[in-house]
Amino acid sequence: NQVTVTSDLNGFERTVRYIAEHGSVSYASVVDPEGLLLANFHRGKLDPEDMAPLAVLFFEWNRAVLAKGKLGEAEKIDITLREKRLILGRVGDWCLMVLSERQADDLLNIRINQGMDILRKYTAEKYASSQQTQVEKSYV
C-alpha cells in the first residue's frame with residue numbers, strides 16, 4: 001500500500017484515503033484540470049503518473065459526445081471492464097479516478113459518493129477563503 005501526496009492539500013488526501021480504505025480499490029487519485037496528481041493511492045504495478053491524465057481525457061471525450069446529444073456535462077462515469085471497474089467523478093475542475101475489482105459491493109459506491117462530498121466541501125472552503133482574500137485585496 002502506498003499513499004503519495006504531491007502537495008499539502010489535506011482535502012484531496014482525505015478523499016483518496018477514505019476511498020482507498022475499501023479493499024477492492026487498487027488505485028484512487030484526485031487530479032487537477034491538467035491531469036497532474038494532487039493525491040493518490042495505489043496497490044500493485046500501476047504508475048499513478050501515467051494514470052492521472054486519463055481522468056481528464058475521459059471527461060473531455062465524453063463532453064464532446066454528450067454535447068452532440070445536448071445532454072450536459074458528465075459528473076460521474078462508471079466503466080465496467082472485464083476484470084476491473086473504473087469510476088471517474090468530477091467536482092468543479094477536479095477529477096477523481098478510482099480503479100477497483102469488478103465485483104466491488106455497494107459500499108464502494110457509497111465511499112466514492114462520500115469521497116466526492118469531502119472533495120466538494122474542501123474545494124468550496126478553499127475557494128471561498130481565496131475569493132474572500134481577493135475581494136479584500138481589491139477593496140483595499
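Biologist: Which residues form a nonpolar patch on the surface, with about 280 Å² of accessible area together?

Modeller: This is a predicted model, where local features need pLDDT of at least 70 and side-chain atom pairs count only at pLDDT 80 or more, while totals for chains, interfaces and linings use all residues. Residues are numbered from 1 along each chain as its sequence is written, and side-chain values use heavy atoms, without hydrogens and water. A patch takes residues with over 30% relative accessible area (Shrake-Rupley, 1.4 Å probe, only the protein chains shown as cover) and no salt bridge (Lys or Arg side-chain nitrogen within 4 Å of an Asp or Glu carboxyl oxygen), joining like charges within 9 Å and nonpolar side chains (Val, Leu, Ile, Met, Phe, Trp, Tyr) within 5 Å. Here the patch consists of Leu54, Leu57 and Trp61.

Biologist: Which helix holds Leu57?

Modeller: Helices (H or I, at least four residues) and strands (E, at least two) are DSSP runs numbered from the N terminus. Leu57 falls within residues 48–68, which make up helix α2.

Biologist: Is strand β3 largely enclosed or open?

Modeller: Buried means under 20% relative accessible area, exposed over 50%, and partly exposed in between (1.4 Å probe, protein chains only). In β3, residues 37–42, six of the six residues are buried, so the strand is largely enclosed.

Biologist: Which residue is the bridge partner of Val31 in β3?

Modeller: Strands pair if DSSP finds at least two bridges between them; β2 (residues 25–31) and β3 have five, in the antiparallel sense. The two form a hairpin with five residues between them, and Gly35 in the turn has a positive phi of about 85°. Across from Val31, the partner in β3 is Leu37.

Biologist: How far apart in space are Leu46 and Ser26, C-alpha to C-alpha?

Modeller: Leu46 sits in the loop between β3 and α2 and is partly exposed, at 26% relative accessible area. Beyond its neighbours within four places in sequence, Leu46 has contacts (heavy atoms within 4.5 Å) that include Ser26 and Leu99. Leu46 and Ser26 are 20 residues apart in sequence, and their C-alpha atoms are separated by 8.4 Å.

Biologist: How many aromatic pairs does the whole structure have, and why is the pair of Phe12 and Tyr122 edge-to-face?

Modeller: Rings of Phe, Tyr and Trp (its six-membered ring) pair with centres within 6.5 Å; planes under 30 degrees apart are stacked, over 60 edge-to-face, the rest tilted. The search finds three pairs. In the pair of Phe12 and Tyr122, the centres are 5.2 Å apart, and the pair is edge-to-face because the planes stand at 75°.
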